[in-house]
Amino acid sequence: MMEKSKYEKIMDITTKRGFFYPSAEIYGAKAGFWTYGHLGTKIKHKWEGLWRKFFLSLDTNFYEIDDVNIMPKKVFESSGHLKNFTDPLTECEKCHFRFRADQLAEDELKIDVAGLREDALTKLIRDNKLKCPKCKGSLMDVKFFNMMFDIRVGAVNEEIMYLRPESAQSPYMAFRREFEATRRKLPLGLAVIGRAFRNEISPRQGFFRLREFTQAELQIFFDAEKINEHENWSKINNYNLIVFSDKKAKKISCKEMNEKLKIPKFYIYYMAKVQQFYLDVLKIPENRLRFRELGQEERAFYNKIHFDIEINLETLGGWKEVGGCHFRGTHDLGGHQTGSGTNLEITVDEEGRVKRFLPSVLELSFGVDRNIWALIDIFYKEEKERTTFSFTPQLSPIDAAVFPLVNKDKLPDISENIFMELFRSGFSVLYDNSGSIGKRYRRQDEIGTNICITVDFDSLNKNDITIRDRDTMKQIRLKNKDLKETLNKLRSGAKLSDFGKFID
């Protein structure tokens, strides 16, 4: 029997243990729809919390808003989505299976076909005699397919509205009111963490490409005349960015990016902050992260500068996009100003000079679900006696598990009291008294629990417990009264060795 791939092993654990699994699977799950289980939901909420804390603290004029998922047709006519938000579709003449023509060509020919239009993709398929991957039938000509979901609204279904394909339109709709409500200052950042919907032709790669997914986006409205300045530029001037160029990743200083590559300072500053979020907060290894610039034909139709954030994922065969930094210019507010007939220009007073203009937008966009999969891929470890997820304490779904060494002599009573006290104090905790202590440790290792707390016979007289670290599997003894403070410090990144000597 062939050994399972890393992807298959992770899928076995995550679906079995409650990270995520296909939605409505008892009725035959539909591709592209997944449910976060109890552990996955905890990781997702922790990731979102770290994202909020980091990006909303970059400026005192950055705020989070929350909007609806269903929006009027006019929004997407003005934004250009109804015309341009498309993927290339081909269909098998024999079995009528539909799938993305670009993905087929890239998978079969191992080439990059980004930017090719219908005729070029059709010619590529014909010239290389590509067939349906399901039944080997011949393929129809390529045509472009709009990925938006439409909905009929009202008692007699008289109005067509759309599920938003990205969360970005919500800040654009909110800009006018929020600019006034936040006392007319730029830059103004409006963040959204919310659902988006795309009718993917043939979702694949399991949890990575979804039809319903979560985005975390920060739209920064600013004066384009000031794009080559940022008040905190000196703090990142010599910081090195990891940029893919000339077929390899290189470290390039922010200063060099600005002076030699002519990328504006305002844009570079936020690239640096994105990289710091991944390296310093999420603890992604340097060699697994890079920025890759997209050319005019490859990038989204509304972007003037576009760098993808890519992570090297072994489970998916290499570098995959998990987010991006996009300079969208005035495309969005300009389109909505024209489409709605509402003047979205602003006036600001700069040293006695009144200036009137339409703000530009810098977008920081992250696929939350893709980032969760990236963490699972990167922190999955196989060791001789166990498998584990070595999540950082800030991302582990369970802060601590509590065990009685055995189920007798009041050890379960003490353990349950400790568990309930931690639970009421807001820790994510789990109680387990089933099986040998070794098996309980392995169960917790497998889901990435950071700390295991064991009540043993010495605990009866000494009012202390043992604390085991997941990564080193080493233990210390700790007084019960110090437990909550210690867990808080461990959750913030402290090491277990800071609190006592390891037990032999």
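The expected span of a helix is 1.5 Å times one less than its number of residues. Keep that rule for the first exercise. The model is predicted.

**Exercise 1. Helix 1**

Task: Work out what span is expected for helix 1, and state which of its residues are buried.

Solution:
- Step 1. Helix 1 covers residues 6–17, which is 12 residues.
- Step 2. At 1.5 Å a residue, the expected span is 16 Å.
- Step 3. From its first C-alpha to its last, helix 1 reaches 16 Å, close to that expectation.
- Step 4. Buried means under 20% relative accessible area. The buried residues of helix 1 are K6, K9, I10, M11, I13, T14 and R17.
- Step 5. Now look just past the end. G18 follows helix 1 and has a positive phi of about 100°.

**Exercise 2. A three-stranded sheet**

Task: Find which strands stand at the edges of the sheet with the order 4-9-8, and explain why each has a side without a neighbour.

Solution:
- Step 1. Strands of a sheet pair through backbone hydrogen bonds, either parallel or antiparallel.
- Step 2. Here the sheet is open, has three strands and pairs in the antiparallel sense.
- Step 3. Strand 4 (70–72) and strand 8 (150–153) are the edge strands; each has a single partner strand, so one side of each lacks a neighbour in the sheet.
- Step 4. From one strand to the next, the twist averages 45°.
- Step 5. Check one pairing. Strand 4 meets strand 9 (residues 159–163) over three bridges, antiparallel. M71 stands opposite Y162 in strand 9.

**Exercise 3. Unusual backbone geometry**

Task: Locate the cis peptide bond, then say where A24 and K129, with their positive phi, are found.

Solution:
- Step 1. Start from the rule: most residues other than glycine have a negative phi, and most peptide bonds are trans.
- Step 2. L186 and P187 are joined by a cis peptide bond, with omega about -5°. P187 lies in the loop between helix 7 (169–181) and strand 10 (188–197).
- Step 3. A24 has a positive phi near 55°. A24 is in the loop between strand 1 (20–22) and strand 2 (34–36). Its relative accessibility is 49%, so A24 counts as partly exposed.
- Step 4. K129 also has a positive phi, near 55°. K129 is in the loop between helix 6 (118–127) and strand 7 (143–146). With 66% relative accessibility, K129 counts as exposed.

**Exercise 4. Salt bridges**

Task: For the salt bridges K9 with E3, K44 with E48, and E383 with R386, decide whether each partner is buried, partly exposed or exposed.

Solution:
- Step 1. Side chains of opposite charge can pair when their charged atoms come close. The structure holds 40 salt bridges.
- Step 2. K9 and E3 meet at 2.8 Å, N to O. K9 is buried at 18% relative accessibility, whereas E3 is exposed at 65%.
- Step 3. K44 and E48 meet at 3.0 Å, N to O. Both lie in helix 2 (residues 38–55), four residues apart, about one turn of the helix. An α-helix has 3.6 residues a turn, so residues three or four places apart point the same way. K44 and E48 are both buried.
- Step 4. E383 and R386 meet at 2.7 Å, N to O. E383 is partly exposed at 37%, and R386 is buried at 6%.
- Step 5. Trace the links further. E383 and R386 belong to a salt-bridge network with E385, R442, D445 and R468.

Note on methods
Residues are numbered from 1 along each chain as its sequence is written. This is a predicted model: local features need pLDDT of at least 70, side-chain atom pairs count only at pLDDT 80 or more; totals for chains, interfaces and linings use all residues. Side-chain values use heavy atoms; hydrogens and water are left out. Two strands pair if DSSP finds at least two bridges between them. Helices (H or I, at least four residues) and strands (E, at least two) are DSSP runs, numbered from the N terminus. Axes are lines fitted to C-alpha atoms, for helices over the stretch in contact, and angles run from 0 to 180 degrees between N-to-C directions. Buried means under 20% relative accessible area, exposed over 50%, partly exposed in between (1.4 Å probe, protein chains only). A salt bridge is a side-chain nitrogen of Lys or Arg within 4 Å of a carboxyl oxygen of Asp or Glu.
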